[in-house]
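I opened my notebook to look up one helix and the rings around it. Below is the structure I worked from.

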Amino acid sequence: MDMVEYAKKQRWWNKIFGKNSGPVAEKYDVATQLAIGGVSGWCAGYLFQKVGKLAASAVGGGFFLLQIANHTGYIKVDWKRVERDVNKAKKQLKLNTEKPSKEVRTKVDEVQTFVKKNIVLTGGFAGGFLLGLAS
């Protein structure tokens, strides 16, 4: 098999990261890991800040418009029914949160393993994320 056929059969992430699924620390030096983690963390934090402000404005604006429409008589809201439905939803959520599902536990274990193997990268990401939130 020649190299072209071999490259076509590989998945894209194997071409970029190689077949070694071990820690990133084996592939890059500490400064590179901190730079990659910091830059990607800053980008994620900055986007999280902007999207968070937009989402908060949308939710707050929606409640504000709902109150104005209720006060002026355009709509009539049965607040007792809303409260009853919210309490019912709270009870259902409490029943489902007593024991996490197998999929959730598996994903948590995967994240813990990744963080342990790539502590420098995740430390840089966390620092960059906080800087992105602050900027």
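These entries go from the helix to its rings.

I note that this is a predicted model, in which local features need pLDDT of at least 70, side-chain atom pairs count only at pLDDT 80 or more, and totals for chains, interfaces and linings use all residues. Residues are numbered from 1 along each chain as its sequence is written, and side-chain values use heavy atoms, with hydrogens and water left out.

**Entry on helix 6.** I looked up residues 119-134, which form helix 6 (helices are DSSP runs, H or I, of at least four residues, numbered from the N terminus). I found its buried residues to be Leu-121, Thr-122, Gly-124, Gly-128 and Gly-132 (buried means under 20% relative accessible area, exposed over 50%, partly exposed in between, with a 1.4 Å probe and protein chains only). Seen down the axis, these buried residues fall within an arc of 155°, so they line one face of helix 6 (the arc is that of the directions from the helix axis to the C-beta atoms). The face turned away carries the exposed residues Ile-119, Leu-130 and Ala-134, and for Leu-130 I noted a relative accessible area of 58%.

**Entry on the rings.** I found 3 aromatic pairs in the structure (rings of Phe, Tyr and Trp, its six-membered ring, pair if their centres lie within 6.5 Å; planes under 30 degrees apart count as stacked, over 60 as edge-to-face and the rest as tilted). One of them is the tilted pair of Phe-48 and Phe-129, at 5.7 Å centre to centre with 50° between the planes. Phe-48 lies in helix 3 and Phe-129 in helix 6, so this pair ties together parts that are 81 residues apart in sequence.

Notes:
Helix = DSSP H or I, 4+ residues; strand = E, 2+ residues; numbered from the N terminus. Expected span 1.5 Å × (residues − 1).
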